[in-house]
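Biologist: I should be grateful for a close look at a single part of this model, beginning with one side chain and its partner. Please then place that part within the rest of the chain.

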Amino acid sequence: MNGDHDDGIIDDESALTPMVKRVFASTPDARLRTLVTAFAEHAHAFVREVGLTEAEFQAAIEFVEGIGKANTDTHNEVVLAADVVGISTLVALLNNPTEGGQTAAALLGPFWRGNSPRCELGANISRHETGALPMFVSGYVRDEDGEPLSGATVDVWQASPVGLYENQDPEQPDMNLRGRFTTDAHGRYWFETVRPAGYPVPTHGPVGALLRAQGRHPYRPAHLHFMVSRPDYKTLVTQIFADDAEHLSSDVTFGVVRSCVGHFEYREGTEADARLNRPHYVFSYDLTLHPGVSEFPTPPIK
Ligand code: BEZ
Ligand code: FE
């Protein structure tokens with residue numbers, strides 16, 4: 001046992017955690033001190049609880065190395081790893097409480113790109129022929145009192161009807177199924193697209209190996225991503241899921257929040273408007289912002 005020695009020399013493993021905490025206690029920045037101390041406590045407790053073997057420690061090191069090596073300008077394995085263990089969703093939900101009535105937040109995921117095209121309201125973000133039925137998406141952006149927010153930016157991105165983001169698919173034009181809209185004087189946004197399909201997250205790297213070892217499927221249910229921003233409001237990052245999507249109850253990223261399940265309504269298309277006079281989907285979803293600082297995440301890919 002270590003007894004009460006405090007000379008920086010360890011008698012046995014039981015002395016280690018207190019010593020690390022003692023050293024970390026002099027971290028000058030208070031928040032960093034809290035973070036590194038709690039991390040050390042929990043990580044040491046984890047190692048003790050599972051009795052981590054040297055072989056397992058080596059495998060963990062190789063796993064983290066593999067995550068770093070799999071990262072490229074167009075693929076973010078680090079984000080993916082945080083997503084499939086539930087940490088991204090946990091951080092999103094903890095930092096975006098919904099008591100004020102604001103829309104629930106969701107993880108950003110690895111596929112958001114900064115600087116997607118600015119679009120006129122009503123524009124079609126499906127920029128090549130797919131043969132898929134059109135889907136008309138609309139809604140209001142409001143504050144917590146229900147007042148419409150004009151001039152809000154609604155940045156949307158989604159997978160294609162075959163479940164691929166444009167950066168994964170040479171068939172799609174650059175920035176396909178991505179666009180930024182500005183709400184009108186009534187806080188309204190609307191655009192045309194095609195219904196997204198669910199998809200497997202990329203499984204070519206260590207995250208895929210982990211999923212296979214766990215016997216988990218890699219699928220996400222069909223969804224649309226929204227990032228809604230306006231000066232003096234906290235940027236809302238969310239996703240809306242189709243209520244009839246496969247894997248709705250087993251999203252590999254644990255990302256399906258009940259209030260973010262919507263209905264992509266099929267219509268035969270008998271309206272007079274030529275654009276609507278054919279089978280199509282309609283989807284309506286209002287988005288509510290909370291006052292705060294308008295900040296943006298670092299894009300996970302270029
Ligand atoms: C996405 O929804 O784009 C996504 C989220 C987590 C992992 C992979 C993709
Ligand atoms: Fe997605």
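Modeller: K21 counts as partly exposed because its relative accessibility is 32%; this value, like those that follow, is computed from a predicted model. The side chain of K21 meets that of E41 in a salt bridge, with 2.4 Å from N to O. Because K21 lies in helix α1 (residues 16-24) and E41 in helix α2, the pair ties together parts that are 20 residues apart in sequence. E41 is also placed in the partly exposed class, because its relative accessible area is 33%. As a general point, side chains of opposite charge can pair when their charged atoms come close.

Helix α2, which spans residues 30-50, also contains F46. With a relative accessible area of 47%, F46 is partly exposed. Together with V47 and V50, F46 makes a nonpolar surface patch of about 250 Å². Elsewhere in the chain, the C-alpha atom of V252 is separated from that of E41 by 28 Å, the two residues being 211 apart along the chain.

The bridge between K21 and E41 may be set beside others, for the structure holds 12 salt bridges. In one of them, the side chains of R220 and D251 meet at 2.6 Å, N to O. R220 belongs to strand β6 (residues 219-220) and D251 to the loop between β8 (236-242) and β9 (261-262), so this bridge ties together parts that are 31 residues apart in sequence. Both R220 and D251 are buried, whereas K21 is partly exposed. A further bridge joins the side chains of E265 and R267, at 3.1 Å from N to O. E265 is partly exposed, with a relative accessible area of 32%, and R267 falls in the partly exposed class at 32% relative accessibility. R113, E166, D174 and R178 form one network, joined by salt bridges that share partners.

Side chains also meet at a metal. The iron ion (ligand 2) has as its protein donors Y165 (OH), Y199 (OH), H223 (NE2) and H225 (NE2), which lie 1.8 to 2.1 Å from the ion. Y165, in the loop between β2 (153-158) and β3 (178-182), and H223, in strand β7 (residues 223-229), link distant parts of the chain, 58 residues apart. Y165 is buried, with a relative accessible area of 1%, and H223 counts as buried at 1% relative accessibility. Along the sequence, the donor residues follow the spacing Y-x33-Y-x23-H-x1-H. The arrangement of the six donor atoms around the iron ion (ligand 2) is irregular because they subtend angles of 54 to 160°. For reference, ideal angles for six octahedral donors are 90 or 180 degrees.

Helix α6 (residues 206-214) adds a buried group made up of P206, V207, G208 and L211. The cover over the buried residues of α6 includes α3 (54-70) and α4 (77-84). G215, just after α6, takes a positive phi of about 70°.

As for the whole chain, there are six helices and 12 strands, and 43% of the 302 residues are buried. The C-alpha atoms fill a box of roughly 85 × 40 × 30 Å along the principal axes. Of the contacts between residues at least 6 apart in sequence, 71% join residues at least 24 apart. The chain exposes about 15900 Å², of which carbon and sulfur atoms supply 56%.

Key:
Residues are numbered from 1 along each chain as its sequence is written. Chains are lettered from A and ligands numbered from 1 in the order in which they are written. This is a predicted model: local features need pLDDT of at least 70, side-chain atom pairs count only at pLDDT 80 or more; totals for chains, interfaces and linings use all residues. Side-chain values use heavy atoms; hydrogens and water are left out. Patches are made of residues with over 30% relative accessible area and no salt bridge: like charges are joined within 9 Å, nonpolar side chains (Val, Leu, Ile, Met, Phe, Trp, Tyr) within 5 Å. Accessible areas come from the Shrake-Rupley method with a 1.4 Å probe; for residues, only the protein chains shown count as cover. A salt bridge is a side-chain nitrogen of Lys or Arg within 4 Å of a carboxyl oxygen of Asp or Glu. Helices (H or I, at least four residues) and strands (E, at least two) are DSSP runs, numbered from the N terminus. Buried means under 20% relative accessible area, exposed over 50%, partly exposed in between (1.4 Å probe, protein chains only). Donors are N, O and S atoms within 2.8 Å of the metal (3.2 Å for Na, K and Ca); water is not among the atoms, so sites may look incomplete. Four donors count as tetrahedral if all angles lie between 85 and 135 degrees; four count as square planar and six as octahedral if opposite donors are over 155 degrees apart and all others between 65 and 115; anything else is irregular. Contact means heavy atoms within 4.5 Å.
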